Structures are given as C-alpha cells and as structure tokens.
Amino acid sequence: MRDLQTLLDARRADGLYRSRQVIDGPQGVTVRSEGREYLSFCSNEYLGLANHPEVVAAFHRGLDEFGAGSGAAHLVAGHTRAHHELEEELAAFVQRPRALLFSTGYMANLGGMAALLGRGDRVFEDHTNHASLLDGARLSGARLVRYRHADAGDLEQRLLRAPDGEFLVATDGVFSMDGDIAPLCELAPVAQRHAARLMVDDAHGLGVTGPHGRGSVAAAGLDSCQVPVLVGTLGKAFGTFGAFIAGSDELVETLIQQARTWIYTTAPPPAVAVATSAALRRVMADDWRRKHLQDLVARFRAGAAQLGLGLCDSPTPIQPLITGDAGRAMRLSKALCEEGILITAIRPPTVAEGTARLRITFSAAHTEAQVDLLLDALEKVIATECAELAHKAEL
Ligand SMILES: *Cc1c(COP(=O)(O)O)cnc(C)c1O
C-alpha cells in the first residue's frame with residue numbers, strides 16, 4: 001500500500017501541492033475570503049452574470065415554480081419544461097437544430113465522446129486540449145492521437161497516416177490555459193477531407209467572442225455541417241452551471257440513447273435552467289459587455305508591454321503570464337494576494353512542465369481603474385522579486 005503522506009510531501013516539495021481558498025459571498029470582481037476583500041482576476045465569469053440581479057431573480061422564480069431538485073434523470077422524470085425551453089433557446093443561440101443539456105462540461109465531453117466512439121475508432125486532439133476532452137477519449141476506448149497545438153497541417157499528416165475508420169477531431173475553441181483561439185477555419189476543411197467529425201468545445205468562447213457572443217465557431221463562420229458537434233458550458237461566461245452539446249437532430253438523439261454521463265445522472269435543478277435562460281438573454285443582448293471586455297484586455301496588454309511583461313499571444317480575456325517554474329508562480333501569486341489581488345497559480349499537470357503561470361482573466365465587471373491596479377501590483381511584486389534575487393546573488 002502506498003504511503004499517501006509521503007506522496008503528499010513530495011508534491012509539496014515540488015511546489016505542486018493544491019489547496020482551496022474559501023470564498024465567503026458571491027462571485028464578482030471583488031471576493032471576500034478569510035475576512036479580507038480581494039480584487040479577483042482568476043474567475044471564468046467573463047461577463048459578470050453570476051451575481052446579476054436578473055439572473056439571481058430568475059433563480060428565485062425557478063425555485064418557487066420547480067422546487068429545489070429535479071428528482072430524477074432526464075429520461076426518468078427529471079426533464080422539466082425549464083430544461084426543455086433552455087435547450088431550445090440554446091439551440092437557437094448557437095444556430096443548431098438541437099441542443100442537449102448536461103450537468104457539467106466535463107460530463108458533456110465524456111458522454112459525447114463515448115457515445116460517438118468505440119474501440120477501433122480514432123480521436124485526434126490538440127496537444128493542449130482541456131483535460132475533459134482527453135479523459136473523454138480515454139473513456140470512449142478509441143485510440144487517442146494528439147496533434148501539435150493549433151497545427152492543422154500536423155493534424156492532416158496524422159489523419160493521412162491512420163488506417164480507415166471512424167475519426168473524430170476534437171479541439172478547444174478558445175484554449176483554456178493559453179487564451180488563444182483554435183484555427184477552426186483550417187481544421188474544418190482538413191476534418192472534412194478525411195471524413196472526420198469535428199467537435200469544438202467552446203467553454204471559453206461562448207458568450208465572449210463571435211457575433212452576439214455566439215462563440216468562436218460562429219466567429220469563424222462555420223455551420224453545423226463543418227462543426228457537427230459543438231460543446232458549450234454554462235458555468236463560465238453564463239455565470240450559472242451546466243453545459244450542452246448542440247448539433248443535428250440525429251446527433252442529439254444519439255446522445256439521448258448512448259451518452260452514459262447524461263443517461264445515468266440526475267438532471268440539474270430546474271431553477272438552474274431558469275436562471276440560465278435569464279443569463280442567455282443578457283449574453284445575447286449585452287454587446288457592451290463584450291466591447292468593454294475587449295477594451296480591458298487591450299488596456300492590460302498595452303500596460304503589460306510597457307512593463308516588459310511577456311504575455312502569450314492571446315486576444316481573449318485569458319491573459320496568462322508564464323512564470324516557468326511552479327515555485328515562482330506560487331510565490332508571485334502569494335505576493336499578489338498580500339497586495340489584495342487574487343490570481344491562482346496554474347501548474348503542471350494542468351499545463352505543460354516548465355510553463356507554470358499566473359492565469360490572469362478579465363470580466364466585463366472589471367473597471368479600467370482595476371486593470372491599472374493590477375498592473376501596479378504586478379510591477380511591484382516583480383520588482384520586489386528582482387531585488388530579492390539580486391540580494392541573494394550578492395550573499
Ligand atoms: C471548464 C471547461 C470544461 C468543463 O466544464 P464544467 O462545466 O466546468 O465541467 C470543459 N472544457 C473546457 C475547455 C473547459 O474550460
């Protein structure tokens with residue numbers, strides 16, 4: 001039997017120990033924790049909807065009408081009018097014939113892939129895809145082939161080398177840890193040439209990019225033939241909880257028959273669906289949120305360039321600052337915390353070895369002044385770090 005404490009100690013020594021911070025109150029750009037208020041730059045709540053009065057009021061209405069829980073799986077007795085209407089609204093939003101609600105994005109990816117693939121099939125995935133897409137491949141029993149990040153040419157080479165069979169190509173729309181956008185206009189024709197189904201997980205694109213927030217697939221002008229499997233999550237820009245897969249009638253019917261993470265689990269509370277419908281209305285109507293978010297990102301990138309901070313080439317609200325080793329990411333995160341700024345360090349295995357980072361994210365609820373506060377704090381903690389290093393070198 002492995003000694004767990006020894007393994008935990010080793011993890012801690014490597015700067016890879018994970019722990020939670022208790023947040024006391026609603027999500028927002030300021031959060032309370034252990035009696036102190038922090039300015040947060042690490043949530044995926046890109047549009048400021050998690051505590052929006054209309055969304056919260058809809059949640060209350062949903063509770064009054066449907067009670068707390070759904071009581072059963074969708075196929076048993078748990079599928080309410082609230083779920084059904086939300087599915088129709090989401091399908092219309094992403095301009096696909098149908099959408100199917102899942103409890104989480106993780107479950108959508110696992111269930112979707114396992115429903116479409118089996119032993120003997122092949123799934124081609126971008127090297128930096130989200131963990132749930134990689135785990136989905138594993139659960140499906142298909143052979144996983146990883147292609148170079150955002151490289152349609154490499155994907156094509158690997159498709160050419162594969163023996164005939166059932167192929168699925170899966171990619172994040174916006175990459176969750178780097179913030180760059182998949183080259184969907186290049187991937188789609190490659191997938192089509194090799195009769196591979198293309199699945200895009202747009203967890204960080206929906207609500208944030210594309211016309212009226214329709215995401216990176218709509219921004220690339222791709223329809224449901226070119227991207228037959230579209231995954232969206234509702235816990236990020238939408239500010240609530242859950243996920244969906246959108247596509248053709250046949251796709252959704254196949255998922256209903258075969259997606260085990262959908263069949264064998266309790267339907268989400270209907271009130272969540274009512275709240276999400278309200279959030280969707282704000283997502284579609286409030287173009288100003290996306291515009292403001294873009295302005296904040298531009299302001300941050302300009303300020304960071306002036307400070308000489310090397311940022312990734314990301315046009316989205318995900319603006320990682322690569323620190324390299326995990327220990328440095330932890331130290332900077334801790335120093336920022338002391339300045340009242342919350343940014344969690346992201347370390348391997350979530351990101352590749354040697355690319356630990358501060359994953360800085362912006363929300364439409366941030367102000368320009370708050371972006372300036374962040375830049376000042378980054379300047380201060382990095383200057384302090386440099387001074388300490390110089391001091392150590394002298395000793
Ligand atoms: C967050 C995320 C998921 C998981 O969604 P949950 O609803 O949080 O389970 C899936 N894919 C990507 C790319 C994500 O970033």
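Start by selecting His 130 and the ligand in this predicted model: a nitrogen atom of the ligand lies 3.5 Å from an N or O atom in the side chain of His 130. Next select His 204, where an N or O atom of the side chain is 2.5 Å from an oxygen atom of the ligand. Then add Lys 236, whose side chain has an N or O atom 2.7 Å from a ligand oxygen. The ligand taken alone exposes 370 Å², and the protein buries 83% of that.

Now show the whole shell around the ligand. It has 14 residues, the closest being Gly 105, Tyr 106, Asp 201, His 204 and Lys 236. By type, two are nonpolar, nine polar and three charged. Colour helix H5, residues 105-116, which gives the most to this shell, with three residues.

Leave the ligand and turn to the aromatic rings. The whole structure holds four aromatic pairs. Select Phe 41 and Phe 362: this pair is edge-to-face, 5.6 Å centre to centre, with 70 degrees between the planes. Phe 41 lies in the loop between strand S2 and helix H2, and Phe 362 in the loop between strand S13 and helix H15, so the pair ties together parts that are 321 residues apart in sequence. Phe 41 is buried at 0% relative accessible area, and Phe 362 is buried at 0% relative accessibility. Add Phe 300 to see one aromatic cluster formed by Phe 41, Phe 300 and Phe 362.

Finally, select Arg 12 and Tyr 17. The charged end of Arg 12 sits over the ring of Tyr 17, 3.9 Å from the ring centre.

Methods: Residues are numbered from 1 along each chain as its sequence is written. This is a predicted model: local features need pLDDT of at least 70, side-chain atom pairs count only at pLDDT 80 or more; totals for chains, interfaces and linings use all residues. Side-chain values use heavy atoms; hydrogens and water are left out. A residue is near a molecule or strand if one of its heavy atoms lies within 4 Å of it. A polar contact is a pair of N or O atoms within 3.5 Å; within protein, one must be able to donate a hydrogen and the other to accept it, and residues adjacent in sequence count only if both atoms are side-chain atoms. Accessible areas come from the Shrake-Rupley method with a 1.4 Å probe; for residues, only the protein chains shown count as cover. Helices (H or I, at least four residues) and strands (E, at least two) are DSSP runs, numbered from the N terminus. Ala, Val, Leu, Ile, Met, Phe, Trp, Tyr, Cys and Pro count as nonpolar, Asp, Glu, Lys and Arg as charged, and the others, Gly among them, as polar. Rings of Phe, Tyr and Trp (its six-membered ring) pair if their centres lie within 6.5 Å; planes under 30 degrees apart count as stacked, over 60 as edge-to-face and the rest as tilted. Buried means under 20% relative accessible area, exposed over 50%, partly exposed in between (1.4 Å probe, protein chains only). A charge sits over a ring if NZ of Lys or CZ of Arg is within 6 Å of the ring centre and within 35 degrees of the ring normal.
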